[in-house]
Amino acid sequence: MIQCPRGTRDFLPDEMEKRRFYENRLRHTAQTFGFREIETPIFEDAELFILRSGPNVLKELYAFKDKGDRDIALRPEMTAPAIRMFVNGMSNDPKPIKIFYFGQCFRYERPQSGRYREFFQFGAELIGSATPETDAEVICMAAAMIKELGLKDYKIHIGHIGVLRQAIADAGVPKERTAEVLQKLDKKLYDEARPLLEDMNVDSDTIDSIFTLTETVGGIEVLSKVPGEAGDYLRQVTSYMHAMGVDNFDIDLGVVRGLDYYTGMVFEAEAPALGAEKQICGGGSYTLSELFGGEKVFSTGFAIGFDRILLAIEKEGQVYEPKGIGAYVVPVSDDVRLKSAEIVAMLRSAGISSDIDIMGRKMAKAMKYASSVRAKYAVIVGAKELEEDSVTLRDMATGEQQLVRIGELVAKMQSASQ
Ligand code: HAM
């Protein structure tokens, strides 16, 4: 039997219905913040991701040559494609540009719970502005989305990668090796970061102070320990967040992010219920457009790991009940099949999701099937009742049955569902 490739999943109808439900709630939240949806290709020129994604992403890139010998990659994330799209077709639009997207990304990672090779991101980019208000707006939208999905236990960590980049540069780390160091610090691999920094002639006190910086965590009071202008900047970000009602965060200068393009504020959200793969959202401010042939434009964005956030709400006990269909029409005998087809068509054109028995099942089996598709009603069509232009309407939840004239069927169902 052929299975789907390692790290990928099939979504069966119940699961898919659930995913669409939550996905649409996220869409709705993004729209209430004034963001508009975009879509970009699932594969791109590999160069788009090689230019600035950093060593982590490169290792995990699904890259291949197409039949025209072009270097192609499946997208590992959607910020670079969104900015490419902006440079190609939106750079003259009035700023700021607020866009969001939902779709699958691909990373060749070792699959485990919450980590897949094909996974889905819901993300947003606010392009063309670099102010504390911009960053607050983006973090607040991420928070609103997490809240909209009903997740209770989560925490947002806000940092500033500029601080760490500056400390690393001041320590004399060559620019082209910064990503290597940040990659270790991102994973808190201090044992590996130390020899790496020593190799670049960084003395042990400076190494210690860089490590201490990444361990700076706490409430807004720790901002007084943040060197340079970043502390003041983050204080303004958090004031705007407070004004917008978002206080569920801490300051954490250890937020490094796995991707290489961030320049200023960075943030992550975690759901502890998920264990090892607990990061449900990540983002920050960056510039990418100049790499893709455009002018330098500041942007801030984030992406929610859609699969992970669904796992997290499930772990918290949230259950999605699939909706099922409105009606299941059951012809009692062959001579009423045509009339039954007419009835199901009438229900459908009235907007009631309806199905009809096409297997010629006996009544008991037909009812069982109606339950399995979670039909709200069964419409039982019998020759005798048809003589009076009527059918039997059965409420599948209570088992109650009543004779209803065909002309009144739609109104009856609609009034009952109000
Ligand atoms: P990222 O942190 O690499 O950021 O990914 C965003 C989220 O995608 C993660 O927080 C995680 O929940 C989810 N995710 C990542 N890898 C996997 C995986 N293998 N399986 C399941 N979920 C995964 C970005 O991609 C940036 N583009 C975010 C951004 C937008 N920054 C600015 N704008």
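A cavity, on a 1 Å grid over the protein atoms alone, is a set of points where a 1.4 Å probe fits but cannot get out. A pocket is an open set with protein on both sides within 12 Å along at least five of seven lines, and lining residues have an atom within 4 Å of a point. Grid points are joined across faces, edges and corners, and a volume is the space filled by probe spheres set on the points.

The model is predicted: local features need pLDDT of at least 70, side-chain atom pairs count only at pLDDT 80 or more, and totals for chains, interfaces and linings use all residues. Residues are numbered from 1 along each chain as its sequence is written, and side-chain values use heavy atoms, with hydrogens and water left out.

**Exercise 1. Cavities**

State how many cavities of 30 Å³ or more a search of the whole structure finds, and describe the second largest.

Step 1. The search gives three cavities of 30 Å³ or more.
Step 2. The volume of the second largest cavity is about 40 Å³.
Step 3. Its lining consists of Ile38, Glu39, Thr40, Arg75, Met78, Tyr101 and Phe102.

**Exercise 2. The largest pocket**

Find the volume of the largest pocket and the element that gives the most to its lining.

Step 1. The largest pocket has a volume of about 1,200 Å³.
Step 2. Its lining has 48 residues, and Arg257, Glu268, Glu277, Gln279 and Arg308 lie nearest the centre.
Step 3. Helices (H or I, at least four residues) and strands (E, at least two) are DSSP runs, numbered from the N terminus. Among the elements that each supply at least two lining residues are β10 (262-270), β11 (279-287) and α11 (306-315).
Step 4. Strand β11 gives the most, with six residues.

**Exercise 3. An aromatic pair**

Classify the ring pair of Phe102 and Phe122, and decide whether Phe122 is buried or exposed.

Step 1. Rings of Phe, Tyr and Trp (its six-membered ring) pair if their centres lie within 6.5 Å; planes under 30 degrees apart count as stacked, over 60 as edge-to-face and the rest as tilted. The structure holds 14 such pairs.
Step 2. The ring centres of Phe102 and Phe122 are 5.8 Å apart with planes at 45°, so this pair is tilted.
Step 3. Phe102 belongs to strand β5 (residues 97-106) and Phe122 to strand β6 (residues 118-127), so the pair ties together parts 20 residues apart in sequence.
Step 4. Buried means under 20% relative accessible area, exposed over 50%, partly exposed in between (1.4 Å probe, protein chains only). Phe122 is buried because its relative accessible area is 0%; Phe102, at 13%, also counts as buried.
Step 5. Ring pairs link both residues with Phe11, Phe100, Phe120 and Phe306 into a cluster.

**Exercise 4. Helix α11**

Determine how many of the ten residues of α11 are buried and what covers them.

Step 1. Eight of the ten are buried, and the helix is mostly covered.
Step 2. The buried residues include Phe306, Arg308 and Ile313.
Step 3. Contact means heavy atoms within 4.5 Å. The cover includes α1 (13-32), β5, β6, α5, β11 and β12.
Step 4. After α11 comes Gly317, with a positive phi near 95°.

**Exercise 5. Gln401**

Place Gln401 in its strand and list what it touches.

Step 1. Gln401 is in strand β17 (residues 401-405).
Step 2. Its relative accessibility is 45%, so Gln401 counts as partly exposed.
Step 3. Leaving out residues up to four places away in sequence, Gln401 touches Ile380, Thr392, Leu393 and Arg394.
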